[in-house]
Amino acid sequence: MAKGIENYDLSGMIDYHYGQFPPTVLDLARLIDPLSRAQDAISRYDQMLISLPNSELLLAPLRQNEAVISSRMEGTISTVDEVMIYEAESADDGNAGPVRDDVIEVALYSRVLRLAQAAVADGAPINEGLIKNAHRILLSYGRGASKSPGQYKIEQNYVGDDRRREIYFKPISPLQLQSGMQALLEFIEHGPMLPIFKVGVAHVEFESLHPFNDGNGRIGRLLITLLLWKFGLIHKPHFYVSAFFEEKKHEYIELMRKVSRDNDWTSWVAFFLEAIAKQAASNLITAQKIMALYEEMKEPFREISGSKWHLAAQDGIFESPIFKNSQLIKRTEMPKHVATRITKLLHESGLLRELRPASGRRGALFMFEPLMEIVRA
């Protein structure tokens, strides 16, 4: 939300906390219990990640679900089915036919998550270049394309509720944004704070800076995953927290406002630790369900396909449970006639559902419903 706020209620607006970052003191006595719960939960989740033979393969569908939930918090509404169908339909030639803008925007966020994670895995630092590039991709289409993708704000922006015509937060001034971002990145690299505290403080600071005209929430939540990974709290970049923040959205907003209004960083950090603990437990349950399904499906895939390619087919389908044969072939490098035969047999057995039959040069679109049921939950 930028200019044009003359008709908004500003009575509850909180201004950015100039001169108060980074916090010099946290009330550690209040944080001992939430810290213990968060560390225990994320450690158990991380042990599961370490044990997975291929976390990217098994947990990739969770990335699309995170994109859906994180975008929904900003008013961009789609379903994980819509996003996966769009990605499958557009994979070959970029033409998915008529599709809602919201779906494309969420698919772009899913792409940003994947590319940012890959960049950091390849050694890229978490710096302004990475953040701006992620933002440029995120806003490359749709409503965001007119909001300076990849560029910091040059006008004062605001955080509020358009429907209720209220402004509840005024982020940092554009004139002080560059120094604010430099202070944030310096804090991330060198701040003398327990890493899990640092992730929470960095998140609320990024949202308070609100450096872009749009997309700040999604980029800020992406940074949580990257920082947890950077600091070694998780060994692989698969931890998504938007579901908890969406469920507690009012508290999420109010505690961020309290940081600026009351210099109360401790309450925010306690809330953030609760988010980590609850989401780690939830993520663990989901991941375990996916792992159990994967093991359960090994024998049916082998028996039904009758092919030495059965594991490759299973891996490809678990990575993208909505797909066309052309994508399965590319992902697994199996011969075309083998892929066609396997998907035909899996479809006839009821393991795959045909969402759209083949038409002309367009291959049929299939869905592996058992995995989608887990991802949607």
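The numbered points below concern a predicted model of a protein, beginning with its overall form and moving on to individual residues.

1. Overall form. The protein is built from 15 helices and six strands, and along the principal axes its C-alpha atoms occupy a box of roughly 65 × 45 × 35 Å. The radius of gyration is 22 Å, which agrees with the value near 21 Å expected for a compact globule of 377 residues.

2. Burial and surface. Of the 377 residues, 53% are buried, while the protein exposes about 16900 Å², with carbon and sulfur atoms supplying 51% of that area.

3. Contacts along the chain. When contacts between residues at least 6 apart in sequence are considered, 69% of them join residues that are at least 24 apart.

4. Charges. The protein carries 44 positive and 48 negative side chains, and the centre of the positive set lies 3 Å from the centre of the negative set.

5. T343 and its surroundings. T343 is placed in helix 14, which spans residues 336-349, and T343 counts as buried because its relative accessible area is 1%, where under 20% is required. The side chain of T343 takes part in a polar contact with the side chain of N325 at 3.1 Å, and a polar atom of the T343 side chain also lies 3.0 Å from the backbone oxygen of A339. Beyond the neighbours within four places in sequence, T343 is in contact with F323, N325, L328, L352 and F366, so that N325 appears both in this list and as the polar partner just described.

6. S78 in a loop. S78 sits in the loop between helix 2 (55-72) and helix 3 (80-90), and at 5% relative accessible area S78 is buried. Leaving out residues up to four places away in sequence, S78 touches V68, V83, R100, D102, V103 and V106.

7. I304 in helix 11. I304 belongs to helix 11, residues 265-305, and is partly exposed, with a relative accessibility of 25%. Residues up to four places away in sequence aside, I304 touches L345, L346, S349 and L351. The C-alpha atoms of I304 and G75 are 43 Å apart in space, with their positions 229 residues apart in sequence.

8. R111 in helix 4. R111 lies in helix 4, which covers residues 101-121, and its relative accessibility of 39% makes R111 partly exposed. Its C-alpha atom is separated by 31 Å from that of G350, a residue 239 positions away along the chain.

9. Backbone geometry to check. Most residues other than glycine have a negative phi, and most peptide bonds are trans. Against that background, the peptide bond from F21 to P22 is cis, with omega near -5°, and P22 is found in the loop between strand 1 (14-15) and helix 1 (28-51). H210, which is not a glycine, has a positive phi of about 45°; H210 lies in the loop between helix 7 (195-209) and helix 8 (216-230) and is buried at 15% relative accessibility. N263, also not a glycine, has a positive phi of about 55°; N263 is located in the loop between helix 10 (249-262) and helix 11, and at 37% relative accessibility N263 is partly exposed.

Terms used. Residues are numbered from 1 along each chain as its sequence is written. This is a predicted model: local features need pLDDT of at least 70, side-chain atom pairs count only at pLDDT 80 or more; totals for chains, interfaces and linings use all residues. Side-chain values use heavy atoms; hydrogens and water are left out. Helices (H or I, at least four residues) and strands (E, at least two) are DSSP runs, numbered from the N terminus. The radius of gyration is taken over C-alpha atoms; the globule rule is 2.2 Å times the number of residues to the power 0.38. Buried means under 20% relative accessible area, exposed over 50%, partly exposed in between (1.4 Å probe, protein chains only). Contact means heavy atoms within 4.5 Å. Accessible areas come from the Shrake-Rupley method with a 1.4 Å probe; for residues, only the protein chains shown count as cover. Lys and Arg count as positive and Asp and Glu as negative; His and the chain ends are not counted. The place of a charge is taken as NZ of Lys, CZ of Arg, CG of Asp or CD of Glu. A polar contact is a pair of N or O atoms within 3.5 Å; within protein, one must be able to donate a hydrogen and the other to accept it, and residues adjacent in sequence count only if both atoms are side-chain atoms.
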